[in-house]
Amino acid sequence: MTDASSVVGRDDGHATQYPLAPSTTVSVDQNASLLSWGSGSAPSLPSVDGESQTETTSISGSMRSSTMSLDSSLCHFVEENGRTYHRYKEGRYFLPNDAAEQERLDLQHQLFTIAIGGKLYIAPVPENPKRVLDIATGTGIWAIDFAVQHPRSQVIGTDLSPIQPQFLPENCKFEIDDAEDEWTFSEPFDFIHGRALMSCFNDPAAVVRQAFAHLAPGGLMEFQDALFPMSYIGEAPTASALYRWNQLMMEGVGRLGRSWSNVQHYRRYFEEAGFVDIVEKRFYWPTSPWAKGLYYKTVAAYFQEDMLAGLEAMSLKVLGGLGMSPRQIREFVEDVKRDFLDTNLHAYLTVTYIYGYKPQYPL
Ligand SMILES: C[S@@+](CC[C@H](N)C(=O)[O-])C[C@H]1O[C@@H](n2cnc3c(N)ncnc32)[C@H](O)[C@@H]1O
């Protein structure tokens, strides 16, 4: 395990922007945290909006116009196809870690929180859990937000990439670590969190077991993750680029030793590790404002922007592994992007939030 502060490659622009001011440029923010999906404990499936879809919720400004920048002279990252990738444990993870990807992750953070009413988690987390761990923390935005909201908690975020900010709340720090290696933390945690992990691990069940072992009795763990392939209202549009992209990505990710459907097994992983009182909630993210209601239109605006920004990076290595050239991938991705903008295509992603407790006493 390496202290992140000893590794070059930080994004200082990002660091100065956050936590002093949240970095995303989203016009619906004030309302988004108040968004609710109705009276149930999780939203029902989206339904198609039969009305005009010209008035849509939009994200103001461009993610790409942000002032965040990554000084590549400070980085010791691996470069490929104009993107950079982590150097520590090179090749373990197939998405980039450059400024564009960091911006996408910070936007995706907004999406994950807006989807649950502006919160960082759905678990009944006590006011200031003593020790908190965020595995595969990315830019660290969740860990920093948690540290700010729980000033008496000590928060640690770990990741393969040293892309977290330098200026942090005193109760937050980052370490470079592979979550699939043996964990060496000397003290147990009271809350462990992991989000968007679907591309990260060869053996996610083993990570869940390690997390269980490193929780204090009565401690909580929450995972938040997406289930691919996407679903559709009505018949699946099998001739569309979006449908084909989903199928090809499932195949390509499998060849890389990962699965984008792991989330459907999380409850079993939790149970087998020893977690009890497990709660699982599903949320739905439409690809465009085709679904009725402000909640779904807002979630869709963020999800669409997230995917438009991330499609190429997700596809480069995965579809490259299936034999497609970077040029073919980029052309294909343009077709997929068009499908994301098409409100006649009623596709959505299912996203699961799941938490459970380590029993107070061994069972
Ligand atoms: C999709 S990002 C999610 C980041 C963060 N959890 C969030 O939701 O904003 C996945 C992150 O996991 C990290 N990662 C991938 N494999 C990992 C591993 N084996 N151990 C630790 N971090 C890993 C990547 O470097 C990347 O930052």
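Which residues is W285 in contact with, leaving aside its neighbours within four places in sequence? I put this to the model before anything else, and I found A115, V299, A300, F303, Y348, L349 and V351. I note at the outset that the model is a predicted one.

**Entry 1: the core**

I then looked up the nonpolar core to which these contacts lead. The largest nonpolar core has 85 residues, and W285 is listed with L111, A115, I192, V299 and F303 as those with the most contacts inside it. Helix α8, residues 294-320, gives the most to this core, with 14 residues. I set beside this the general remark that nonpolar side chains tend to be buried together in soluble globular proteins.

**Entry 2: the chain as a whole**

I counted nine helices and ten strands in the protein chain. Of its 363 residues, 47% count as buried. Among contacts with a separation of 6 or more, 75% are accounted for by residues 24 or more positions apart.

I checked the confidence as well: the average pLDDT of the protein chain is 86, and 82% of the residues score at least 70. Two stretches have to be set apart. Over residues 2-31 the pLDDT stays under 50, and the model has 67 contacts beyond four places in sequence for them; over residues 60-74 the pLDDT also stays under 50, with 29 such contacts in the model. I leave the details of both stretches alone, because predicted coordinates should not be read in detail where pLDDT is low.

**Entry 3: strand β10 and its partners**

I turned next to strand β10, residues 347-357, which is mostly covered, nine of its eleven residues being buried. Strand β8, residues 215-232, runs antiparallel to β10 and is joined to it by ten bridges; within this pairing I found T350 of β10 as the bridge partner of L227. Strand β9, residues 276-286, is also antiparallel to β10, with nine bridges between them, and here P286 stands opposite Y348.

In β8 I also looked up P229, which is joined to F228 by a cis peptide bond with omega at about 0°.

**Entry 4: helix α7**

Where do the buried residues of α7 fall, seen down its axis? Those buried in this helix, residues 266-273, are Y266, Y269, F270 and A273. They fall within an arc of 100°, so they line one face of the helix. The spacing invites the general rule that an α-helix has 3.6 residues a turn, so residues three or four places apart point the same way. I traced what these buried residues pack against, and found α5 (204-213), β8, β9 and β10. Just after α7, G274 takes a positive phi of about 120°.

**Entry 5: helix α3 and E101**

Helix α3, residues 99-114, has 16 residues and reaches 23 Å from its first C-alpha to its last, close to the 22 Å expected at 1.5 Å a residue. I found this helix mostly covered, with 16 of its 16 residues buried.

Is E101, which is found in α3, buried or exposed? I count E101 as buried because 23 other C-beta atoms lie within 10 Å. Leaving aside its neighbours within four places in sequence, E101 is in contact with L95, P96 and A313. I also noted T139, which is 38 residues from E101 in sequence and 9.5 Å from it in space, C-alpha to C-alpha.

**Entry 6: strand β5**

Strand β5, residues 154-159, is mostly covered, with five of its six residues buried. Strand β4, residues 131-135, pairs with β5 in the parallel sense over five bridges, and L133 stands opposite I156 of β5.

**Entry 7: two positive phi values outside glycine**

Most residues other than glycine have a negative phi, and I therefore looked up two exceptions. K89 has a positive phi of about 55° although it is not a glycine, and this residue is found in the loop between β3 (83-85) and α3. A196 likewise has a positive phi of about 55° without being a glycine, and its place is the loop between β7 (189-195) and α5.

How many C-beta neighbours does K89 have inside 10 Å? I found 14, so K89 counts as partly exposed. A196 has 20 inside 10 Å and therefore counts as buried, the cut-off for buried being 20 or more.

Notes
Residues are numbered from 1 along each chain as its sequence is written. This is a predicted model: local features need pLDDT of at least 70, side-chain atom pairs count only at pLDDT 80 or more; totals for chains, interfaces and linings use all residues. A nonpolar core is a set of buried Ala, Val, Leu, Ile, Met, Phe, Trp, Tyr and Cys residues joined through C-beta atoms within 7 Å. A residue is buried if 20 or more other C-beta atoms lie within 10 Å of its own, exposed if 12 or fewer, and partly exposed in between; C-beta atoms are placed from the backbone. Helices (H or I, at least four residues) and strands (E, at least two) are DSSP runs, numbered from the N terminus. Two residues are in contact if their C-beta atoms, placed from the backbone, lie within 7 Å. The expected span of a helix is 1.5 Å times one less than its number of residues. pLDDT is the predictor's confidence in each residue, from 0 to 100. Two strands pair if DSSP finds at least two bridges between them. The arc is that of the directions from the helix axis to the C-beta atoms.
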